[in-house]
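Please open the model in your viewer and keep the selection panel at hand. The tour below proceeds from one selection to the next, with a short account of what is found at each stop.

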Amino acid sequence: MRIGVVTFPGSLDDRDAQRAVRLAGGEPVALWHGSHDLDGVEAIILPGGFSYGDYLRAGAIASLSPIMSEVVDAAGRGMPVLGICNGFQMLAEARLIPGAHTRNAHQQFIRRDQRLRVENADTAWTTGFVEGQEITIPLKNADGRFVADDETIKRLEGEGQVAFRYIGVNPNGSMDDIAGVSNKEGNVVGLMPHPEHATEAGFGPDTALAMSSGTDGLTFFTSVIEKALIK
Ligand SMILES: NC(=O)CC[C@H](N)C(=O)O
């Protein structure tokens with residue numbers, strides 16, 4: 001499966017996302033934010049980082065990049081799209097998922113190995129998990145606090161669009177401990193922690209803490225690839 005990873009000015013984790021795709025058995029395709037060409041990819045990843053230096057609001061300027069109009073169209077046609085951290089912020093700014101991100105409640109940049117509960121194992125990027133499964137992947141951000149109006153939160157909860165929830169610690173003050181959400185159809189998923197940094201034993205989270213081999217993140221990428229094979 002050819003999976004595009006978009007690089008924006010200030011992207012940081014695009015190469016790690018490409019590597020994660022390769023480790024999962026896919027073919028990573030480097031896409032450039034200034035282009036309108038999706039190069040025939042079958043899925044898209046918006047990676048983490050500090051696009052445009054987080055000026056204005058994190059992800060706000062990147063969401064207006066030329067390629068984003070193609071990403072929005074493709075998402076509307078059902079193409080799987082994964083937004084990781086800064087990519088999650090872009091998805092919200094592009095209105096591909098509801099809600100918004102503000103500065104962490106404690107006003108600090110935070111980096112930690114974060115435990116999450118998989119709340120929805122029926123999205124394009126989570127079918128390899130089981131509902132309720134607990135996973136640990138790294139988190140690192142300053143503007144990670146997920147917020148939405150009460151009605152939106154109620155709708156997200158009611159329709160199963162909360163894909164991941166923080167457990168143990170809520171690291172940024174996100175409403176309802178929400179760590180990741182999907183669109184209604186489940187093809188677009190965004191989350192604040194970084195699955196691409198938990199794909200190789202010894203290079204991801206502390207394994208004692210993770211209570212696993214530290215490779216929980218790989219399942220995001222194998223999920224989307226396996227689903228495409230079944231189709
Ligand atoms: N790791 C990241 O992608 C950082 C996201 C964003 N720039 C923030 O600090 O909130």
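Begin by selecting the ligand in this predicted model, and then display the residues that surround it, which are Gly-48, Gly-49, Phe-50, Asp-54, Ala-58, Cys-85, Asn-86, Lys-140, Asn-141, Ala-142, Asp-143 and Gly-144. If you colour this shell by residue character, 4 of its residues come up as nonpolar, 5 as polar and 3 as charged.

Asn-86, one of the residues around the ligand, also belongs to helix 3, residues 86-93, so select that helix next and ask how many of its residues are buried. The count is 8 of 8, and helix 3 is therefore largely enclosed by the rest of the structure; the buried residues are Asn-86, Gly-87, Phe-88, Gln-89, Met-90, Leu-91, Ala-92 and Glu-93. To see what they pack against, add strand 3, strand 4, strand 5 (100-102) and strand 11 to the display. After helix 3 comes Arg-95, where the backbone has a positive phi, near 60°.

Now keep strand 4, residues 81-84, in view and turn it to inspect both of its faces, which are covered: Val-81 and Gly-83 are buried on one side, and Leu-82 and Ile-84 are buried on the other. Strand 4 runs parallel to strand 3 (residues 43-46), with 3 bridges joining the two, and within this pairing Leu-82 has Ile-45 opposite it. Following the chain from strand 3 to strand 4 takes you through helix 2, residues 66-76, in a β-α-β crossover that is right-handed. Strand 4 is also joined by 4 bridges to strand 11, residues 188-191, again in a parallel arrangement, and here Leu-82 stands opposite Val-189.

Which residues does Ile-45 touch, once those up to four places away in sequence are set aside? Select Ile-3, Val-5, Ala-17, Leu-82, Ile-84 and Gly-87 to show these contacts. Ile-45 is also among the residues that touch the most other members of the largest nonpolar core, a set of 59 residues, together with Ile-44, Ile-84, Leu-91, Leu-191 and Phe-221.

Finish at Gly-78, in the loop between helix 2 and strand 4. Gly-78 counts as exposed because it has 12 C-beta neighbours inside 10 Å. Beyond residues up to four places away in sequence, Gly-78 touches Glu-185 and Asn-187. A distance drawn from Gly-78 to Glu-226, C-alpha to C-alpha, spans 16 Å in space, across a separation of 148 residues in sequence.

Note on methods
Residues numbered from 1 in each chain as written. Predicted model: local features only at pLDDT ≥ 70, side-chain atom pairs only at ≥ 80, totals over all residues. Core = buried A, V, L, I, M, F, W, Y, C linked by C-beta atoms within 7 Å. Buried ≥ 20, exposed ≤ 12 C-beta atoms within 10 Å, placed from the backbone. Contact = placed C-beta atoms within 7 Å. Pairing = 2+ DSSP bridges. Right-handed = clockwise from strand over helix to strand, strands pointing away. Near = placed C-beta within 6 Å. Nonpolar A, V, L, I, M, F, W, Y, C, P; charged D, E, K, R; others polar.
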